Amino acid sequence: MNRKIIGLEEGLGYMQDGITKIERILEGRPEPPFNSEEYMKLYTTIYNMCLQTPPDDHTQQLYDKYRQAIQGYITSTVLPSIRAKHDEFMLKELVKRWANHKVMLRWLSHLFYYLDRHLIACRSLPSLKEVGLLYFRDLVYRDVHVKVRDAVITLIDKEREGEQVDRALLKNVLDFFVEIGMGQMNRYEEDFEAHMLQDTGAYYSRKASNWILEDSCPDYMLKSEECLKKERDRVGHYLHSSSETKLSERAQHELLVTHVNQLLDKEHSGCRVLLRDDKVEDLSRMYRLYSKIPLGLKLVADIFKQHITAEGIALVQQAEDAASSKASNAAAGVQEQVLIRKIIELHDKYVEYVTDCFENHALFHKALEEAFEVVCNETVAGSSSAELLTTFCDNVLKKSGSEKLSDEAIEETLEKVVKLLAYISDKDLFAEFYRKRLARRLLFDRSANDDRERSILTKLKQQRGGQFTSKMEGMVTDLTLARENQANFEDYLRSNSAARPGIDLTVTVLTTGFWPSYKSSDLNLPAEMVKCVEVFKGFYETKTKHRKLTWIYSLGTCHISGKFEQKTIELIVSTYQAAVLLLFNASDRLSYSEIMAQLNLTHDDLVRLLHSLSCAKYQILSKEPNTKTISQSDYFKFNSKFTDKLRRIKIPLPPVDERKQVVDDVGKQRRYAIDAAIVRVMKSRKVLGYQQLVSECVEQLSRMFKPDIKAIKKQIEDLITREYLERDKENANMFKYLA
Amino acid sequence: MPPRAPKRKSAPPNSLSVTSSDGSSVSSKAKTKGFVRIDRMFDSYANSSLGMIDPDGIEALCSDLGVDCTDVRILMLAWKLKAQRQGYFTQDEWRTGLKELRVDSISKLKKALPELEKEVGKPSNYDSFYSYAFRYCLTEEMQKSVDIESICELLNLVLGAQFRPQVDLLIEYLKVQSDYKVINLDQWINFLRFCQEINFPDLENYDATQAWPLILDNFVDWMREKHSSF
């Protein structure tokens with residue numbers, strides 16, 4: 001059929017009719033919707049006009065008409081209707097108008113579809129929809145957005161104060177902000193979000209300033225937690241999700257960061273007080289609140305550390321005070337026990353805190369560690385913590401120990417002891433004291449049981465490595481071997497009638513390298529014992545010709561029968577004590593100097609011995625004059641009048657204070673260790689600056705002890721003299737390794 | 001040119017070479033002549049059975065030079081001679097040293113002493129002289145350190161003129177302290193560095209965390225305590 005040319009006026013007319021009809025529908029006027037015929041006609045008209053060739057090509061004018069129509073509608077109807085309203089009503093009007101606008105544009109795009117396609121294809125103009133949106137933005141949005149935003153923020157603040165607001169409305173308004181950005185978030189962010197955040201900041205700043213003065217720390221935290229939760233909800237309900245982080249941060253900042261010091265340091269309810277009063281729930285809340293705020297969390301961790309340190313130091317002080325107020329050794333020992341127990345409990349308590357309240361956060365583990373490193377390196381009444389810990393172990397492991405516990409409890413205790421060792425910096429001192437105590441337990445048969453001894457050694461090995469425990473393990477093994485050896489010795493005696501020591505003899509052979517060093521003595525043995533030594537030597541030579549036996553009489557025990565007037569009593573004494581007593585078989589009365597000459601002992605040893613036999617609980621010897629101390633002019637006699645209700649008594653000999661020797665031995669070991677460390681480092685680095693050398697040595701050695709910097713310097717100088725190292729000629733702070 | 005009939009009986013002297021009665025040439029004669037005087041000097045002080053100048057000889061030398069035996073200039077002379085053993089000069093050492101000094105008589109040697117002092121004082125030489133002074137005190141085979149008493153004397157001798165206050169205090173300290181009975185070369189060298197680099201008497205720029213020998217750390221502590229007790 002002939003296509004009739006549609007003239008411009010006609011075309012424009014059609015377009016206007018279509019637009020008007022849609023407007024009326026959207027306005028809610030009584031207007032019937034498009035029927036198919038009308039729709040088809042309009043669509044086809046536009047279609048045909050687009051295909052018309054010049055001079056009937058009026059697509060540009062149609063486009064312009066469209067634009068004018070939209071513009072006109074907005075200006076005359078849409079904008080005024082929004083402007084006419086205020087607050088919430090305005091928001092509602094805006095939302096309605098926006099929804100309508102979108103519908104309108106959709107319909108028009110459908111109707112004038114071909115126009116859209118044609119234009120965009122030929123002339124790269126914005127689509128009909130885009131044009132429509134741009135007009136809305138430029139004419140409506142630009143005009144009202146400030147008021148809209150303010151209205152929204154007002155509603156938000158109302159909600160914060162507890163009033164109910166229309167959340168759906170707010171969501172719609174904020175969706176509008178997003179959509180009007182037409183693909184970009186900048187309208188939402190700049191025109192709304194930035195202001196909302198500022199308002200939020202101001203709002204919480206006011207609140208926080210009041211609360212921080214009026215509320216206790218726990219209450220403040222509760223309120224903060226609530227607020228933060230509500231803000232998160234807010235995002236869920238109507239704010240755009242991209243606002244969540246910024247909003248939380250802003251609120252957090254005002255609530256938790258600005259007043260953090262005031263909050264944590266609150267006098268009667270702050271962090272310290274909560275720790276003191278074991279307010280676990282409040283502390284957990286504190287952790288939750290500050291877990292995302294590093295600087296705040298660090299403050300909490302610091303307070304935690306200070307608190308533990310203070311508690312630990314207080315325990316140490318208690319022990320110190322108790323020790324100085326009581327004179328006797330026994331009481332002091334008890335205090336040490338109690339202290340270690342209490343430190344273990346303290347540790348357990350706060351480990352739980354770290355796991356439960358502080359969710360195992362690294363900062364709190366570190367705080368705990370640092371606190372215990374301080375507490376566990378304090379001295380109590382002259383004893384280092386290393387020594388105290390070994391005394392504690394001794395009590396747990398020996399038969400007569402003050403710790404009467406089940407096997408399980410013992411295992412647990414030993415575990416905890418090993419854990420505490422990690423905090424002690426002088427671990428080598430611990431090892432040395434431990435060996436000394438272990439030696440006494442093993443040799444004087446005081447160990448409760450072998451399994452326990454091995455158990456703690458296993459635990460120590462796990463924590464500190466094989467080298468730490470190798471000597472100790474050797475000691476325990478030696479005892480087992482010694483028992484076997486004794487059995488062999490007894491067989492030897494039975495089958496060898498010439499070799500009769502005359503008294504029952506038990507010998508324990510120790511491997512020198514494993515055991516602590518002991519002074520071998522020049523004691524003049526009583527004749528009876530001399531024979532024993534000879535007999536054993538004879539036996540030992542049948543077993544091995546390559547080993548040398550060095551006798552340590554100070555570690556021996558002797559059972560002697562004392563034939564007193566009333567009754568015979570068996571005396572359990574040390575070999576040295578026995579040597580003294582046996583002298584009185586030959587003489588009734590002996591002077592100090594005579595005893596000394598016959599036995600060849602030092603004054604220190606002799607005084608100790610004589611005191612234990614004549615001035616202590618059991619006076620086997622009587623002394624002239626009968627004073628409580630030994631002097632070199634004293635005379636001694638066998639006290640035949642002595643008696644006791646028991647048939648067998650042990651005469652204790654107080655041990656020499658080993659502390660000095662242990663400290664000296666460890667000092668020597670450390671010099672070797674430092675020397676070796678320096679050589680190791682320099683061998684691998686060849687050339688190194690002084691400070692670096694020192695820090696690498698310290699690191700290497702820190703497994704066992706904290707080296708004194710001066711000691712390291714001294715060893716470096718020693719190594720220079722021994723020509724292992726030399727100082728660089730140009731730079732006096734550099735050292736070179738001399739191969 | 002036709003040879004003229006010689007007017008003289010003996011050969012005319014030639015500026016380049018003259019044969020002397022024993023046939024050796026002038027240049028070597030001059031050399032030997034130079035050493036002759038040096039050697040004669042040497043012999044006059046040397047112990048003939050040893051073949052070298054011994055402490056007695058050095059004493060005589062000092063007296064002739066008009067200096068005290070304990071004068072630092074004798075030490076400087078020893079350094080110049082590269083003398084290996086304290087109290088002794090070998091012939092080689094004597095020859096080489098005096099030749100370098102360009103002296104062959106006592107009076108010349110005496111005059112050369114100020115020059116020698118200047119030479120030692122030059123920065124390029126001073127370190128060498130300073131180390132030499134220490135090694136000169138090592139009298140035993142395998143000896144690596146010098147006792148405190150000798151070190152104090154040496155300090156006084158070598159550094160006394162230039163660093164009087166430091167040396168006096170250092171000597172005082174060395175005598176009262178008991179940590180060290182001997183001083184090794186490394187410590188000795190650092191004494192000089194200490195005097196050169198550290199402000200005195202405030203010791204402001206001394207940093208014990210650096211690689212100064214421990215004895216100097218202790219010296220500084222002692223000094224600071226001394227001052228604070230005023």
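**Entry 1: A:Arg670**

I started with A:Arg670, which I found in helix α26 of chain A, the helix spanning residues 659-685. This is a predicted model, so I am reading computed values throughout. Buried or exposed, I wondered about A:Arg670? Its relative accessibility comes out at 19%, and since the cut-off for buried is under 20%, A:Arg670 counts as buried.

Next I asked which residues A:Arg670 touches. Leaving out residues up to four places away in sequence, I got A:Asp426, A:Asp428 and A:Phe705. I also checked A:Leu701: it sits 31 residues from A:Arg670 in sequence, with 9.1 Å between the two C-alpha atoms.

**Entry 2: α26(A) against α27(A)**

I stayed with α26(A) and looked at helix α27 of chain A, residues 690-701. The two axes come within 9 Å and cross at roughly 120°. An angle of that size is outside the ranges for roughly parallel, antiparallel or perpendicular, so I put α26(A) and α27(A) down as oblique to each other. The crossing is right-handed.

Who makes the contact? From α26(A) I noted A:Ala673, A:Ile674, A:Ala677, A:Ile678, A:Arg680, A:Val681, A:Met682 and A:Arg685. From α27(A) I noted A:Gln692, A:Leu693, A:Glu696, A:Cys697, A:Gln700 and A:Leu701. By class, the contact has nine nonpolar residues, two polar and three charged.

**Entry 3: α18(A) against α20(A)**

Then I pulled up another helix pair in chain A: α18, residues 407-421, and α20, residues 450-464. Their axes come within 10 Å, and I read a crossing angle of roughly 30°. Angles under 35 degrees count as roughly parallel, so that is what I wrote for α18(A) and α20(A). This crossing is right-handed.

On the α18(A) side I listed A:Asp407, A:Ile410, A:Glu411, A:Leu414, A:Glu415, A:Val418 and A:Leu421. They meet A:Arg452, A:Ser455, A:Ile456, A:Lys459, A:Leu460, A:Gln463 and A:Arg464 of α20(A). The tally here is six nonpolar, two polar and six charged.

**Entry 4: chain B overall**

Last, I took a quick look at chain B. How many helices and strands does it have? I got 10 helices and two strands, in the order α-α-α-α-α-α-β-α-α-β-α-α from the N terminus. Of its 230 residues, 43% count as buried.

For contacts in chain B with a separation of 6 or more, I found that 63% join residues 24 or more positions apart. The exposed area of chain B is about 13800 Å², and carbon and sulfur atoms supply 52% of it.

Definitions and conventions: Residues are numbered from 1 along each chain as its sequence is written. Chains are lettered from A and ligands numbered from 1 in the order in which they are written. This is a predicted model: local features need pLDDT of at least 70, side-chain atom pairs count only at pLDDT 80 or more; totals for chains, interfaces and linings use all residues. Side-chain values use heavy atoms; hydrogens and water are left out. Helices (H or I, at least four residues) and strands (E, at least two) are DSSP runs, numbered from the N terminus. Buried means under 20% relative accessible area, exposed over 50%, partly exposed in between (1.4 Å probe, protein chains only). Contact means heavy atoms within 4.5 Å. Accessible areas come from the Shrake-Rupley method with a 1.4 Å probe; for residues, only the protein chains shown count as cover. Axes are lines fitted to C-alpha atoms, for helices over the stretch in contact, and angles run from 0 to 180 degrees between N-to-C directions. Angles under 35 degrees count as roughly parallel, over 145 as roughly antiparallel, 65 to 115 as roughly perpendicular and the rest as oblique. A crossing is left-handed if the near helix is turned anticlockwise from the far one by less than a right angle, and right-handed if clockwise. Ala, Val, Leu, Ile, Met, Phe, Trp, Tyr, Cys and Pro count as nonpolar, Asp, Glu, Lys and Arg as charged, and the others, Gly among them, as polar.
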